[in-house]
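Could you walk me through this model, piece by piece? I'd like the backbone oddities, the sheets and the helix packing tied together in plain prose.

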Amino acid sequence: MGKATGFLDYERKNAKVETPLERIRHFHEFRTPLAAKEQQEQGGRCMDCGVPFCQNGGMLAGMASGCPLHNLVPETNDLVYCGNWQKAYERLEKTHCFPEFTGRVCPALCEAACTCNLDGLPVATKENEKAIIEHAFAEGYVVPNPPKVRTGKTVAVIGSGPAGLAAAWMLNRRGHLVTVFERSDRIGGLLRYGIPNMKLEKGIIDRRIQLLEAEGIVFQTGVDVGKDISKEELQKKFDRVLLACGASNPRDIDVPGRDGKNIYFAVDFLASVTKSLLDSDLKDKSYIPAKGRHVLVIGGGDTGNDCVGTAIRLGAKSVVQLEMMPKPQEERDVSNPWPQWPRVLKTDYGQEEAIALFGKDPRVYQTTVKEFKKDKNGNVKKAVLIKLESKRDEKSGRINMTPIEGSEETIDADLVLIAAGFLGSQKYVTDAFAVSVDARTNVAAKEDSYETNVPGIFAAGDMRRGQSLVVWAIWEGREAAKAIDKSLMGYTNLS
């Protein structure tokens, strides 16, 4: 333990954040890391708890508490404090393939479970991990590490999101020959086209892909497996197949006027902007425009917030974000004690920007759309909103949000973005591979082996567990890789 009283001696410091009105002028990341000395002090705040909940990753009250990857948090924090950046990187890599991704987009489950939360602010573990990996890249610690011996076994990974990349990384280092298929024009899946540039600049992904290619992984883009290549072709060419295609079915809403023009799924809006940004720095105008429009975002999660921030950067005239559920409390309730995930109000970057630009929080709680109104050309022009209230279903006992008649309100809305989550895997893929799905259309792969009902075909990530976090996708990819390795070799030494 480098600094036994560090949590008392040092205050928590975060990276410097560009002000909202400055950062909405661009699509770049807007956090400036702390100086190395300051970051080391943040590592010194770690208490080296007797029971480090930060690395537990268990489920409490239906939500994860601590890191699902079981990162060796107190050890890496201590190495940061000691300034031993290379050892910190080596320790982090034992459990984590891509800390440069989670260091930017993870909600920091480790910090929510930090013991310092009991009487103060948690250790800045997320930023410590980001500092470790960025220092490692800058100092040349991260280099291609191809396997010295090849097994001769071949694996096809379908999908290049975090689950697919993590599985490919593990299987390749074991010595198997791995090919990753991606239907988009670029590698990255959700990381590439589902997360805006200001949260994860795409050069960060490209940097990692170049390393994976140098280690021997083959990437094929523009290949829609299930259409361009059949299951039979893949099984003939590869010993094992891993489906890691994500939860790609966006949840729709069924109200009058839904067929109006300029109503899009959030993922299509975000992908169009990122692709145009990468292709031409937005000069090709091939993205869904928001300039001068009254934007209505339906959904209150991370994707909804990303739509708010992106629409503002494109010049939206106004932004309203609908949340079906009640507004969370600002402080923990006694029924939600540490180390459970804190169910409290969080204001993310997009909402901060809307407050700074428009003078109010864009979120409207306990509200949904009752109807869209169109002009004579079929373009959506207005939305009729209706308030909701919580009611318990007498038969099931479940709490449902039900409309309050007479509470309708009509607002301007000439661009609508539906960010209501995802329902599961896409039918044409599951049909092509003849794999079973559960009631939510997630692939019904076995919990322990990740193998589907079709021998030799495995599934991982959101496609198996449903819509979730990047960190969970990485965990799923790693675990699936171990299962595939064991099925190929009779045992696995992956960890």
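Pro339 sits in the loop that runs between S11 and H15. The peptide bond joining Trp338 and Pro339 is cis, with omega at about 5 degrees. Keep in mind that this is a predicted model, so every value here is computed from it.

Follow that loop onward and you reach helix H15, which spans residues 349–358. Its buried residues are Tyr349, Gly350, Gln351, Glu353 and Ala354. What covers them? The cover includes helix H2 (20–23), helix H14 (302–313), strand S11 (318–323) and strand S12 (363–365). Just past the end of H15, Gly359 has a positive phi of about 85 degrees.

S11 and S12 also belong to an open sheet. Five strands make it up, in the order S9-S17-S10-S11-S12, with parallel pairing. Strand S9 (263–265) and S12 are at the edges with a single partner strand each, so each has one side without a neighbour in the sheet. On average, and ignoring direction, neighbouring strands in this sheet are turned by 20 degrees against each other. Further in, strand S10 (residues 294–298) runs parallel to S11, and five bridges join the two. If you want a residue pair to look for, Leu296 stands opposite Val320 in S11. H14, already met as part of the cover over H15, lies across S10, S11 and strand S17 (415–418), and its direction is at about 175 degrees to S11.

Now go out to the S9 edge, where you'll find Tyr264. Is Tyr264 buried, partly exposed or exposed? Its relative accessibility is 27%, so it counts as partly exposed. Leaving aside residues up to four places away in sequence, Tyr264 touches Ile288, Leu415, Val416, Leu417 and Ile418. Asp252 is 12 residues from Tyr264 along the chain, and their C-alpha atoms are separated by 9.7 Å.

There's another open sheet to look at. It has five strands in the order S7-S6-S5-S8-S18, and the pairing is again parallel. Strand S7 (218–221) and S18 are the edge strands, each pairing on one side only. Here, too, neighbouring strands are turned by 20 degrees against each other on average, direction ignored.

Let's work across this sheet. S5 and strand S6 (residues 177–182) pair in the parallel sense over five bridges, and Thr154 has Leu177 in S6 as its bridge partner. Helix H9 (residues 162–174) packs on the sheet and touches S5, S6, S7 and S8, with its direction at about 165 degrees to that of S6. On to S8: four bridges join strand S5 (residues 154–158) to S8, and the two run parallel. Val155 is the residue opposite Arg240 in S8.

S8 itself covers residues 240–243. Which way do its residues point? Arg240 and Leu242 go one way and Val241 and Leu243 the other, and all are buried. This fits a general pattern: in a regular strand, side chains alternate between the two faces of the sheet. S8 also runs parallel to strand S18 (residues 457–459), with three bridges joining them, and Leu243 has Ala459 in S18 as its bridge partner. Helix H18 (residues 470–489) lies across S5, S8 and S18, at about 165 degrees to S8.

Before S18 comes a loop that starts after helix H16 (427–433), and Tyr450 lies in it. Phi of Tyr450 is near 65 degrees, a positive value in a residue other than glycine. Tyr450 is buried too, with a relative accessible area of 5%. Ala108 makes a good companion case: it isn't a glycine either, yet its phi is positive at about 65 degrees. You'll find Ala108 in the loop between helix H6 (99–105) and helix H7 (109–112). Its relative accessibility is 9%, so Ala108 counts as buried.

Finally, a helix pair. The axes of helix H5 (residues 85–93) and helix H8 (residues 125–139) come within 9 Å and cross at roughly 110 degrees. H5 and H8 are therefore roughly perpendicular to each other, and the crossing is left-handed. On the H5 side, the contact uses Trp85, Ala88, Tyr89 and Leu92, which meet Glu129, Ala131, Ile132, Ile133, His135 and Ala136 in H8. By class, that contact has eight nonpolar residues, one polar and one charged.

Note on methods:
Residues numbered from 1 in each chain as written. Predicted model: local features only at pLDDT ≥ 70, side-chain atom pairs only at ≥ 80, totals over all residues. Heavy atoms only, no water. Axes fitted to C-alpha atoms, helices over the stretch in contact; angles between N-to-C directions. Parallel < 35°, antiparallel > 145°, perpendicular 65-115°, else oblique. Left-handed = near helix turned anticlockwise from the far one by under 90°. Contact = heavy atoms within 4.5 Å. Nonpolar A, V, L, I, M, F, W, Y, C, P; charged D, E, K, R; others polar. Buried < 20%, exposed > 50% of the residue type's maximum accessible area, 1.4 Å probe, protein only. Pairing = 2+ DSSP bridges.
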